[in-house]
Amino acid sequence: MSQDDASLEARLEEQEAFEPPESFVEQANITDPGIYDEFEENWPASWERAADLLSWEEAYDTVLEDGDAPFYEWFTGGKLNASYNCLDRHVEDGAGDSTAIEWEGELGETRTYSYAELLDEVEDFAATLRDLGVEEDDVVTLYMPMIPELPIAMLACARIGAPHSVVFAGFSADALATRMNSAESEYLVTCDGYYRRGDALDHLSKTNEGLEGVDHGVSDVVVVDRLGDDGEHDLTDNQHDYDDLVADHEGSSVEPVSRDAEDMLFLMYTSGTTGQPKGVKHTTGGYLAYTAWTSHAVLDIEAEDTYWCSADIGWITGHSYIVYGPMALGTTTVMYEGTPDYPDKDRLWEIVEKNEVDIFYTAPTAIRAFMKWGSEYPDKHDLSSLRLLGTVGEPINPRAWKWYYKHIGDEECPIVDTWWQTETGGMMITTLPGINIMKPGSAGPPLPGIDARVVDAQGEEVDAGQAGYVTVDNPWPGMLRTLYNNDERFIDEYWQEYSDEEADEWVYFPEDGAKIDDDGYITILGRVDDVINVSGHRLGTMEIESAVVGVEGIAEAAVVGGEHEVKGEAVYVYAISEDGYEPNDDLEERVIDGVLDSIGPIAKPEEVIFTPELPKTRSGKIMRRLLEDIASGNDLGNTSTLRNPDVVDDIAEQVSSD
Ligand code: 6R9
């Protein structure tokens with residue numbers, strides 16, 4: 001590292017607030033700070049601004065219908081079609097030739113779809129689905145990896161008014177069966193397989209195993225041939241080859257079905273505190289308006305942009321910010337099939353350079369991996385096309401934020417740290433990149449029109465600096481409408497905690513801990529089950545984690561509470577050392593000092609456990625609950641759904657031998 005670099009690093013490390021770069025502000029979609037007041041003063045009519053980004057077949061007559069709260073309705077009386085909004089209208093406006101999807105397979109092959117071509121594909125597949133017997137309101141399950149047929153199938157479903165339920169391709173056969181059973185879904189679109197680190201994965205066998213667990217009749221299964229000669233392709237009687245079916249429907253014209261604003265667009269299953277996944281229901285008008293609006297206001301997307309969200313479409317982030325939001329705005333959305341380190345650790349930066357990506361949106365866990373691999377990988381590429389960076393999914397520690405800011409954004413790109421959930425449909429707490437100062441580690445203020453607060457257990461707003469819980473006092477268009485077929489659980493999970501039912505005052509509870517500063521910036525501390533209580537003091541495990549990963553030589557860490565006789569709970573640190581650093585007593589000492597320095601003696605770790613990997617869910621979230629059980633010496637139960645189940649035994653052995 002040169003001396004210049006070293007002093008730059010030192011300056012960055014000290015800096016706690018960052019102004020949005022001038023070059024960004026000059027061209028930003030939203031630059032008037034008056035937008036916050038405007039939303040508040042005119043609420044809920046201010047949400048018309050979001051609805052105005054869409055083309056409505058029939059105008060809505062009410063912005064917000066709150067007569068049956070918390071079963072809110074948005075833009076009632078309005079009619080529209082999501083596939084029309086994401087495709088036809090751009091073609092009608094003369095943008096048929098602009099690129100809709102820029103897809104890259106893991107082996108390096110590419111496919112480009114213009115908006116006109118994508119519309120053709122969607123119409124052909126919509127005609128196919130209809131021919132198979134799919135009717136309006138039938139739930140179609142899509143069990144597919146990151147191949148273009150996935151967004152095509154989603155938009156085809158939307159076109160004929162059949163809600164889709166996408167099941168992440170990395171989920172197990174059991175997960176597929178559970179979701180198809182819950183949604184009583186009789187149609188499935190899947191594929192023969194896909195590539196991971198150069199290997200052809202067999203997806204069809206897993207699909208077939210899942211189908212055995214479906215307890216109602218499945219009419220038809222459509223199988224995309226992704227692998228060609230690399231995949232076995234024996235189909236049963238009700239299974240059809242995608243290409244054969246579509247060839248029979250080539251050139252079809254399928255009118256977009258007119259949907260009520262409140263008609264279901266899709267279901268997305270997400271895990272809850274209990275075993276049964278929750279079927280989160282999103283609707284056509286409110287969801288599409290909300291994702292289009294946040295794509296415009298927060299991601300600063302314009303039709304001319306090339307935009308890349310590296311999430312998987314199997315998660316809500318991919319639904320909202322690969323498919324619906326960006327396509328409603330007519331932008332070019334990049335899709336990548338594979339892993340970021342294949343064939344080498346610069347794969348993503350190669351894709352950014354090649355496609356001249358303007359906006360890049362990813363997860364903190366990915367950024368920490370990039371950091372661990374080292375800046376030589378991004379340094380090999382020209383990333384100067386980038387103008388905005390985003391993160392989502394978990395808190396980002398300031399050190400990773402600054403690395404992202406410097407090594408990917410070259411200090412020229414604002415970073416939006418966007419807090420939201422499957423249930424919220426779109427972003428809720430984040431800076432507006434052309435307006436707000438950025439504070440690494442803090443997501444920012446609630447978006448205009450979002451009444452998010454940080455409250456104590458009684459629902460009273462906490463003072464600046466105090467830990468509390470996030471709540472949202474007013475509804476918003478992108479919110480879930482209910483849990484599929486389970487209104488009761490919907491109320492229990494999200495509204496019971498803070499609402500006053502008698503007074504008809506409803507407060508949404510996302511189950512996240514947070515604190516707020518004097519400027520109204522909210523720092524998310526993690527799920528409330530991650531907040532630990534040490535000797536009567538409430539500590540955010542994420543806060544401690546941030547301190548740990550701030551220590552030189554630590555790449556990644558998870559902090560949990562383990563049961564403790566005297567303190568109630570004690571702090572356990574699981575840490576991965578950076579390449580080139582020995583996980584020895586000295587490093588342990590420095591971790592403990594780091595925590596003491598940044599939080600205080602109350603947070604002093606009981607134990608620091610070095611491990612080569614952390615147990616993660618398939619979606620890449622650290623399984624903190626499991627680490628708590630290890631720390632507490634509890635029975636670990638079934639760990640087979642983890643991405644890396646083997647690591648659990650190794651860690652448990654270390655803890656018990658200490
Ligand atoms: C979009 C998505 C939701 C949970 C949420 C929170 C955590 C998401 C975050 C964040 C801190 C952020 N989360 N974004 N925590 N900062 N910017 O991830 O949806 O999979 O439903 O997860 O993720 O704990 O409650 P989902």
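This short talk walks through one predicted model, from its sheets to its cores and then to a few single residues.

Let me begin with the ground rules. Residues are numbered from 1 along each chain as its sequence is written, and side-chain values use heavy atoms, with hydrogens and water left out. Because the model is predicted, local features need pLDDT of at least 70 and side-chain atom pairs count only at pLDDT 80 or more, while totals for chains, interfaces and linings use all residues.

I will start with the sheet. When I say helix or strand, I mean DSSP runs numbered from the N terminus, H or I with at least four residues for helices, and E with at least two for strands; two strands pair if DSSP finds at least two bridges between them. Eight strands form an open sheet with mixed pairing, in the order β12-β11-β8-β6-β7-β14-β15-β23, and its edge strands, each of which pairs on one side only, are β12 (239-241) and β23 (482-483). Within this sheet, β8 (residues 187-191) and β11 (residues 220-224) are parallel and share five bridges, and Cys191 has Val224 of β11 as its bridge partner. Helix α8 (residues 173-183) lies across β6 (140-142), β8 and β14 (264-270), and runs at about 140° to β14; that angle is taken between N-to-C directions, on a scale from 0 to 180 degrees, with axes fitted as lines to C-alpha atoms, for helices over the stretch in contact.

Next come the hairpins. Strands β9 (residues 193-196) and β10 (residues 199-202) run antiparallel and are joined by four bridges, with Arg196 partnered by Asp199 in β10. Two residues separate the strands of this hairpin, and Arg197, in the turn, has a positive phi of about 50°.

The second hairpin is made by β24 (residues 512-516) and β25 (residues 522-527), which run antiparallel and are joined by five bridges. Ile516 is the bridge partner of Ile522 in β25, and among the five residues between the strands Gly520 takes a positive phi near 80°. Strand β24 also runs antiparallel to β22 (residues 467-472), through three bridges, and there Gly468 stands opposite Ala514. How many residues of β24 are buried? Four of the five are, so the strand is largely enclosed by the rest of the structure, where buried means under 20% relative accessible area, exposed means over 50%, and partly exposed lies in between, using a 1.4 Å probe and protein chains only.

That brings me to the cores, by which I mean sets of buried Ala, Val, Leu, Ile, Met, Phe, Trp, Tyr and Cys residues joined through side-chain atoms within 4.5 Å. The largest nonpolar core has 121 residues, and those with the most contacts inside it are Trp47, Phe75, Leu118, Phe125 and Tyr324. Helix α6 (residues 115-132) supplies the largest share of this core, nine residues. Apart from it lies another core, of 29 residues, which includes Phe18, Ile351, Phe370 and Leu383. Ile351 belongs to helix α13 (residues 347-355), where Arg347, Leu348, Trp349, Val352 and Asn355 are among the other buried residues; just after this helix, Glu356 takes a positive phi of about 50°.

Helix α20 (residues 624-632) is mostly covered, with eight of its nine residues buried, among them Arg624, Glu628 and Asp629. Just after α20, Gly633 has a positive phi of about 70°.

Finally, two loop residues, for which contact means heavy atoms within 4.5 Å. Asn29 sits in the loop between α2 (22-25) and α3 (35-41), and counts as partly exposed because its relative accessibility is 22%. Beyond its neighbours within four places in sequence, Asn29 is in contact with His296, Asp300, Ile301 and Glu302. A polar atom of the Asn29 side chain lies 3.0 Å from the backbone oxygen of His296, and the C-alpha atoms of Asn29 and Ile301, although 272 residues apart along the chain, are separated by 8.0 Å.

Is Thr422, in the loop between β20 (415-418) and β21 (452-455), buried or exposed? Thr422 counts as buried, because its relative accessibility is 13%. Leaving aside neighbours within four places in sequence, Thr422 is in contact with Met268, Thr270, Val280, His282 and Ile316.

Methods:
A polar contact is a pair of N or O atoms within 3.5 Å; within protein, one must be able to donate a hydrogen and the other to accept it, and residues adjacent in sequence count only if both atoms are side-chain atoms.
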